[in-house]
Amino acid sequence: MLALVAAIDRFTEASGRLLAWLAVAMALLTALVVVLRYGFNIGSIAAQEAITYIHGTLFTLGAAYTLKRDGHVRVDIFYRRFSARAQAWVNGVGSIVFLLPLCAFIFCISWNYVAESWAIRESSPEPGGIPAVFLLKSLLPLMAATLFLQGLAETLRSAAVLMRASE
């Protein structure tokens with residue numbers, strides 16, 4: 001069980017570190033768009049859409065990394081005072097009741113939406129835009145899958161804490 005948790009954690013950690021470079025790329029591209037637009041009166045729909053694509057990628061695929069790093073918003077008025085065992089119960093039950101079913105729902109509900117986009121190779125409605133909206137939409141089920149995997153790892157980690165505590 002712990003080997004599976006470690007493997008999922010390694011995948012999520014590697015993905016998160018790779019995604020971090022997209023934040024740098026997005027910042028540089030945003031600066032370039034501003035300089036070109038206001039310094040040289042040159043606009044680029046594709047560059048502006050690329051910023052949106054990068055932001056969408058960071059947000060959707062970074063969700064699993066954020067979960068792994070315990071970076072999601074939590075109202076922890078009581079949680080922070082709980083014992084490790086009580087925190088494991090909260091995390092485990094929360095994942096089983098809320099997170100994992102939500103990920104499965106998002107995956108299922110987005111599948112046809114993405115498939116239809118791929119079927120027509122949906123592209124930007126803007127002239128000069130990026131002809132790959134179908135790739136952007138593909139991030140939805142991919143997010144659900146990666147978040148599900150990391151949620152599974154967190155659930156198993158909580159179970160391991162509870163099993164150790166009962167020994």
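**Close-ups of a predicted model**

The structure holds zero disulfides. This is a predicted model, and the views below take its cysteines, a helix and a cavity in turn.

**View A. Cysteine 103 and cysteine 108 stay unpaired.** A disulfide needs two cysteine sulfur atoms within 2.5 Å. For cysteine 103, the closest cysteine sulfur belongs to cysteine 108 and sits 11 Å away, so the gap is too far for a bond. Looking from the other side, cysteine 108 has cysteine 103 as its closest cysteine sulfur, again at 11 Å. Their surroundings are worth a look too: cysteine 103 is buried, with a relative accessible area of 3%, whereas cysteine 108 is exposed at 58%.

**View B. Helix α2 has a kink centred on glycine 62.** This helix covers residues 45-68, which makes 24 residues. From first C-alpha to last, α2 reaches 35 Å, close to the expected 34 Å. The kink comes to about 45 degrees. Just past the helix, look for aspartate 70: α2 is followed by this residue, and its phi is positive, near 55 degrees.

**View C. One cavity of 30 Å³ or more turns up in the structure.** The largest cavity has a volume of about 30 Å³. Its lining is made by Val33, Leu36, Arg37, Ile42, Gly43, Ser44 and Gln48. Helix α1 (residues 2-40) gives the most to that lining, with three residues. By type, the lining of the largest cavity splits into three nonpolar residues, three polar and one charged.

Note on methods: Residues are numbered from 1 along each chain as its sequence is written. This is a predicted model: local features need pLDDT of at least 70, side-chain atom pairs count only at pLDDT 80 or more; totals for chains, interfaces and linings use all residues. Side-chain values use heavy atoms; hydrogens and water are left out. Buried means under 20% relative accessible area, exposed over 50%, partly exposed in between (1.4 Å probe, protein chains only). Helices (H or I, at least four residues) and strands (E, at least two) are DSSP runs, numbered from the N terminus. The expected span of a helix is 1.5 Å times one less than its number of residues. The bend at a residue is the angle between axes fitted to the seven residues ending there and the seven starting there. On a 1 Å grid over the protein atoms alone, a cavity is a set of points where a 1.4 Å probe fits but cannot get out, and a pocket is an open set with protein on both sides within 12 Å along at least five of seven lines; lining residues have an atom within 4 Å of a point. Grid points are joined across faces, edges and corners, and a volume is the space filled by probe spheres set on the points. Ala, Val, Leu, Ile, Met, Phe, Trp, Tyr, Cys and Pro count as nonpolar, Asp, Glu, Lys and Arg as charged, and the others, Gly among them, as polar.
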